[in-house]
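Me: I've got a new model open and want to talk it through. Can you keep the answers short?

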Amino acid sequence: DRILKEEYLLTDEGIKLVIEETKSVNKIFDDETINKLLATINFIPNGVIEKNYNKDTLTHSNNIGVITTEKKFITIRNSPRSSVDSLLLDFKNLMKQIAETLQIVYEEGTFYPVWEYKEVSPIRDLCIQTYEELFGKKAIIVDIHQGLECGMLIKKIKNLDAISFGPKIYDEHTPLEHVSISSMQRTFIFL
């Protein structure tokens, strides 16, 4: 428990490891299956994979999502995201190599579409101007690893100029996730 708390101090401060004895076991895995499962989890990149150090922004990440067990197989679902097409392709190829090496099945599902930051964006310029007129202060513009819906729309509508905006959210994708109410109010007015 102490080791986990030290390792995850900055990202999951309240982490706990609870091991309990169970009275009944419906199924167990053989050693080969357990070793392949652990190797697969350890080989799959998880978290930040690539950053743009010039802008100090995240460009490519993956999160191991849900691991499920069925009668004859175990499924590991991933959520890779990237703002660069070639990095997403590299990830797909890496997943195939891991599967070949461990002699497991790789099935490719749908991926979040890539959404690259545009240096020139008329819609962003209009939104900045509108925000300043409405609230009397400058909008905060950041190139972040979110707004996946924009990638989906850009993929479907050629030459679409898109931005993603919203309220200030804290501790995203954790049990502590919360939103600034005043920021939410500004977002509603801005819409």
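Reply: Let's start with a term. Buried means under 20% relative accessible area, exposed means over 50%, and partly exposed is in between (1.4 Å probe, protein chains only). This is a predicted model: local features need pLDDT of at least 70, side-chain atom pairs count only at pLDDT 80 or more, and totals for chains, interfaces and linings use all residues. Residues are numbered from 1 along each chain as its sequence is written, and side-chain values use heavy atoms, with hydrogens and water left out.

Me: Is Phe190 buried or exposed?

Reply: Phe190 counts as buried, because its relative accessibility is 16%.

Me: Which ring does Phe190 pair with?

Reply: Rings of Phe, Tyr and Trp (its six-membered ring) pair if their centres lie within 6.5 Å; planes under 30 degrees apart count as stacked, over 60 as edge-to-face and the rest as tilted. By this rule the count comes to three aromatic pairs. In one of them, Phe190 meets Phe165 edge-to-face, with 4.9 Å centre to centre and 85° between the planes.

Me: Where do those two sit in the chain?

Reply: Phe165 is in the loop between helix 5 (148–156) and strand 6 (169–170), while Phe190 is in helix 6 (residues 181–190). They are 25 residues apart, so the pair links distant parts of the chain. Helices (H or I, at least four residues) and strands (E, at least two) are DSSP runs, numbered from the N terminus. Phe165 counts as partly exposed, because its relative accessibility is 41%.

Me: Which residues make up the ring cluster?

Reply: Ring pairs join Tyr131, Phe135, Phe165 and Phe190 into a cluster.

Me: New topic. How many salt bridges are there?

Reply: The structure has four. A salt bridge is a side-chain nitrogen of Lys or Arg within 4 Å of a carboxyl oxygen of Asp or Glu. One of them joins Arg2 and Glu6, with the closest N and O atoms 2.7 Å apart. Both residues lie in helix 1 (residues 2–7), four residues apart, about one turn of the helix. Arg2 and Glu6 are both exposed.

Me: What about Lys36?

Reply: Lys36 forms a salt bridge with Glu32, at 3.7 Å from N to O. About one helical turn separates them, because they are four residues apart in helix 2 (residues 31–43). Glu32 is exposed, with a relative accessible area of 52%, while Lys36 counts as partly exposed at 23% relative accessibility.

Me: And what does Lys92 bridge to?

Reply: Its side chain meets that of Glu108 in a salt bridge (4.0 Å, N to O). This pair links distant parts of the chain, 16 residues apart: Lys92 is in helix 3, and Glu108 is in the loop between helix 3 (85–102) and helix 4 (122–135). Glu108 counts as partly exposed, at 42% relative accessibility.

Me: Which ring does the charged end of Lys92 sit over?

Reply: The charged end of Lys92 sits over the ring of Phe111, 4.5 Å from its centre. The rule is that NZ of Lys or CZ of Arg is within 6 Å of the ring centre and within 35 degrees of the ring normal.

Me: Last one, the sheet. What is the strand order?

Reply: The order is 1-2-5, in an open sheet of three strands with antiparallel pairing. Strand 1 (47–52) and strand 5 (81–82) are the edges, and each pairs on one side only. Two strands pair if DSSP finds at least two bridges between them. Strand 2 (residues 57–62) and strand 5 pair over two bridges. Ser61 has Arg81 in strand 5 as its bridge partner.
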